[in-house]
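Trainee: I am new to this structure and should like to understand the terms used to describe it. May I ask how each description is justified?

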Amino acid sequence: MDAEVIILGAGAGGLSCAHSLLKKGVKVVIIEKENEVGGLMRSVKFKDFSVDYGYKNLDNGIPDVHHFWKELLKDDYSSIEIRTGILYKGNVIELEKKYKGVTRGMPLGLLVSSAVDMLISKLRYRRLNTSSLANSIYARRGKKFTQIFSQEYSERSRGLKWSRIPAPSNNKDSKPLSDFLSDALKTIPKKGGSFHPNKGTGQIIEQLVKEIKQMGGEIYTGCQVTAISHQNNQISNVTVSKSDEDVKISGSKFVSSLPLQFVSPLMGIDFAPSKMELSFKRGVIMVYLFLKKPVKFVHNSLRVSCPNVFVSRITNYAAFGGTMIPKGKACLCLEYFTPHSKHLITLSDQEIKELAISECQKSNLFDKNDCADVLVIRNLQADSAQSWEDYKMDSTRKSLYKQLSGFENLYQINRTGADKSSYAGIMAAKSIVENNRTEFDELTKPDVVSPWKGAI
Ligand SMILES: Cc1cc2nc3c(=O)[nH]c(=O)nc-3n(C[C@H](O)[C@H](O)[C@H](O)COP(=O)(O)OP(=O)(O)OC[C@H]3O[C@@H](n4cnc5c(N)ncnc54)[C@H](O)[C@@H]3O)c2cc1C
């Protein structure tokens, strides 16, 4: 099994790295603990459906990755429009200005009561606006508008109440907080357009695997890395366990796409995030509802701000076009983020299925008789599913990245965001080929601004 480069994990990052290395003639071996490849970007296949793993918006912020995917899939990687809505008490409120003008489809009663609330809030919260993030925004936008448009969804997805976050100040030390604020208020996906594989994001994985195998790459599934040995800032070998048998694998370079909280303990590095470090805490339970009929709304996703339901985000795969969904049918994926819905962890799959259907029914999304099948996928350590803003702010994460970059022949490429992981994988391959890791370390730092930003 020994090779020049050993890649740990066969997700978007690891496979992109392997593909880029093989193209330059470097021999690679990929070790994956699951029996299937793709990690958080694999397809979810069920009967005649083949859909994404949760919500996947490939928002094309990184030109190198965009071109890499385009070259892989050609015409099957097509431009799509992303339309996002808000689900609030049975109403789908439009987030894209161009479709519904100023009212954004809010029912008149809700619009008027929110406008009145805005006037009252401006008076009530003006004097309290320095006490918390919530109060400072209520004073500007009104409490009700804030809760509907940003606060409720942000609190669910981050698992942090805005009342616990201090109000932003203008001094330069508050930079991370203003980042947090701008992200929380971001309602419309950035300009530049989105692209999506016609058969779903798992199509990228399938094409990568096909080409990796054609170029002679070896992928070992069902093999778990259980230890990473090192000496004098060099990784010497990894221990891989398969069916209770341990094998040591050596190589000259190692690329890890394992999340930091898994890779650090394997190397004997302590991992202990503080309570406020949100990015390590986000798990997700995904409930796929396979429907006999199309749904009434046209949005790719709905952010949920109804106070009386637990779901946080709903993806409507039919709205992505392509061939993920058989004609005349639909599939919704309900994401329950576990910091917000902790109690769901203890429920059985049957109980979660019933909850998901009843929440959709309550929100007028479809009639329960239209639901043919339900699938529950739990990923309680979906570290990469969380917000980029939280990810780059965590101090434990920054310090671990720094420690790992001290190992000269180790490239840690796991990131939040399929584009960022793939970019880190491509850059690791480039550094290995050029035998110079400076560019990799500079351009893929967890808190780097460029080139993550800047749409195509
Ligand atoms: C619900 C959800 C929604 C998301 N939405 C978006 C989105 O809209 N846009 C976007 O760009 N990104 C999104 N993401 C994030 C994106 O999917 C991930 O950031 C990206 O796929 C991570 O790729 P990776 O290769 O770095 O890691 P992973 O996909 O996590 O791959 C790591 C691999 O390592 C394997 N592994 C772990 N431990 C071991 C071990 N000890 N030994 C061997 N193998 C091991 C894992 O099984 C896995 O296959 C979302 C993620 C989720 C879960």
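Trainee: What makes strand S11 and strand S12 a pair, and in which sense do they run?

Mentor: Two strands pair if DSSP finds at least two bridges between them. Strand S11 (residues 234-242) and strand S12 (residues 245-250) are joined by 6 bridges, so they satisfy that definition, and they run antiparallel. One bridge links serine 241 to its partner in S12, aspartate 246. Strands here are DSSP runs of E with at least two residues, and helices are runs of H or I with at least four, both numbered from the N terminus.

Trainee: On what kind of model do these statements rest?

Mentor: This is a predicted model, in which local features need pLDDT of at least 70 and side-chain atom pairs count only at pLDDT 80 or more, while totals for chains, interfaces and linings use all residues. Residues are numbered from 1 along each chain as its sequence is written.

Trainee: Which residues of the hairpin and its loop have a positive phi?

Mentor: The hairpin of S11 and S12 has 2 residues between the strands, and serine 243 takes a positive phi near 45°. Aspartate 244, in the loop between S11 and S12, has a positive phi of about 65° although it is not a glycine. Most residues other than glycine have a negative phi.

Trainee: Why is aspartate 244 called exposed?

Mentor: A residue is exposed if 12 or fewer other C-beta atoms lie within 10 Å of its own, buried if 20 or more do, and partly exposed in between, with C-beta atoms placed from the backbone. Aspartate 244 has 5 other C-beta atoms within 10 Å, so it counts as exposed. Lysine 74, in the loop between helix H2 (63-73) and strand S5 (77-80), has 9 C-beta neighbours inside 10 Å and therefore also counts as exposed.

Trainee: How do you know whether methionine 106 is buried or exposed?

Mentor: Methionine 106 has 21 other C-beta atoms within 10 Å, and it is therefore buried. This residue lies in the loop between helix H3 (97-100) and helix H4 (108-126). Not counting residues up to four places away in sequence, methionine 106 touches Asn91, Ile93 and Leu111; contact requires C-beta atoms, placed from the backbone, within 7 Å.

Trainee: What makes strand S14 largely enclosed?

Mentor: In strand S14 (residues 284-291), 8 of the 8 residues are buried, so the rest of the structure largely encloses it. Val284, Met286, Tyr288 and Phe290 point one way, whereas Ile285, Val287, Leu289 and Leu291 point the other way. S14 pairs in the antiparallel sense over 8 bridges with strand S17 (residues 330-337), and over 8 bridges, again antiparallel, with strand S18 (residues 371-379). Tyrosine 288 has cysteine 333 as its bridge partner in S17 and leucine 375 in S18.

Trainee: Why is the protein chain called as compact as a globular protein of that length?

Mentor: The chain has 14 helices and 19 strands. Its radius of gyration is 23 Å, close to the 23 Å that the globule rule gives for 456 residues, so the chain is as compact as a globular protein of that length. The radius is taken over C-alpha atoms, and the rule is 2.2 Å times the number of residues to the power 0.38. Buried residues make up 45% of the 456 residues.

How values were computed. Two residues are in contact if their C-beta atoms, placed from the backbone, lie within 7 Å.
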